[in-house]
Amino acid sequence: MKQLDMVFGSQSGKTKNHFRLSYANNDLDKEVIKKAMNDLAKLGIFVNKNGEELYTTPISAKYVETTNTPIFE
């Protein structure tokens, strides 16, 4: 399964936070993803217990593919 992994900087700039989507389109281009990340950052709806916004600065994005290898069934 492929996941879209978007990385954002926090409001303080001290931490990087991952926002992963499991059911994203696998053919999104750079501009579409950048726009989506900027739109998400502008919402300001994700905060930690101290009130710091977690997703304020888009840093990077990538598709991550996971392979499962069964040991026994």
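This section describes a helix, the pocket that it helps to line, and selected residues of a strand and a loop in a predicted model.

Helix α1 spans residues 30-43 and comprises 14 residues, and the distance from its first C-alpha to its last is 20 Å, close to the 20 Å expected at 1.5 Å a residue. Within α1, the residues Ile33, Met37, Leu40 and Ala41 are buried. When α1 is viewed down its axis, these buried residues fall within an arc of 100 degrees, so they line one face of the helix. The packing partners of the buried residues of α1 are the strands β1 (2-9), β2 and β3 (57-65). On the other side of α1, by contrast, Glu31, Lys35, Lys42 and Leu43 are exposed. The residue that follows α1 is Gly44, for which phi is positive, near 65 degrees.

The largest pocket holds about 170 Å³ of space. Its lining is made up of Lys30, Ile33, Lys34, Met37, Asn38, Pro58, Ile59, Ser60 and Ala61, and the elements that give two or more residues to this lining are α1 and β3. Of the elements involved, α1 gives the most to the lining of the largest pocket, with five residues. Two residues of α1, Ile33 and Met37, are among those buried in the helix, and both Ile33 and Met37 are also listed in the lining of the largest pocket.

Strand β2, which covers residues 16-21, contains Asn17, and Lys16 is likewise placed in β2. With a relative accessible area of 16%, Asn17 falls under the 20% limit and is therefore buried. A polar atom of the Asn17 side chain lies 2.8 Å from the backbone oxygen of Leu54. Leu54 also appears in the contact list of Asn17, which, when neighbours within four places in sequence are left aside, consists of Met6, Val7, Phe8, Ser10, Leu54 and Tyr55. For one of these residues, Val7, the C-alpha atom is separated by 5.6 Å from that of Asn17, although the two residues are ten residues apart along the chain.

Lys16, in turn, has a relative accessible area of 61%, a value over the 50% limit, and is therefore exposed. Leaving aside neighbours within four places in sequence, Lys16 is in contact with Val7, Phe8 and Ile59. Val7 and Phe8 are also among the contacts of Asn17, whereas Ile59 is one of the residues that line the largest pocket. Another residue of that lining is Pro58, and Pro58 and Lys16, while 42 residues apart in sequence, are 9.6 Å apart in space, C-alpha to C-alpha.

The loop between α1 and β3 includes Ile45. At 55% relative accessibility, Ile45 lies over the 50% limit and so counts as exposed. Along the chain, Ile45 and Tyr55 are ten residues apart, and their C-alpha atoms are separated by 8.7 Å. Tyr55 is also one of the residues in contact with Asn17.

Technical notes:
Residues are numbered from 1 along each chain as its sequence is written. This is a predicted model: local features need pLDDT of at least 70, side-chain atom pairs count only at pLDDT 80 or more; totals for chains, interfaces and linings use all residues. Side-chain values use heavy atoms; hydrogens and water are left out. Helices (H or I, at least four residues) and strands (E, at least two) are DSSP runs, numbered from the N terminus. Buried means under 20% relative accessible area, exposed over 50%, partly exposed in between (1.4 Å probe, protein chains only). A polar contact is a pair of N or O atoms within 3.5 Å; within protein, one must be able to donate a hydrogen and the other to accept it, and residues adjacent in sequence count only if both atoms are side-chain atoms. Contact means heavy atoms within 4.5 Å. The expected span of a helix is 1.5 Å times one less than its number of residues. The arc is that of the directions from the helix axis to the C-beta atoms. On a 1 Å grid over the protein atoms alone, a cavity is a set of points where a 1.4 Å probe fits but cannot get out, and a pocket is an open set with protein on both sides within 12 Å along at least five of seven lines; lining residues have an atom within 4 Å of a point. Grid points are joined across faces, edges and corners, and a volume is the space filled by probe spheres set on the points.
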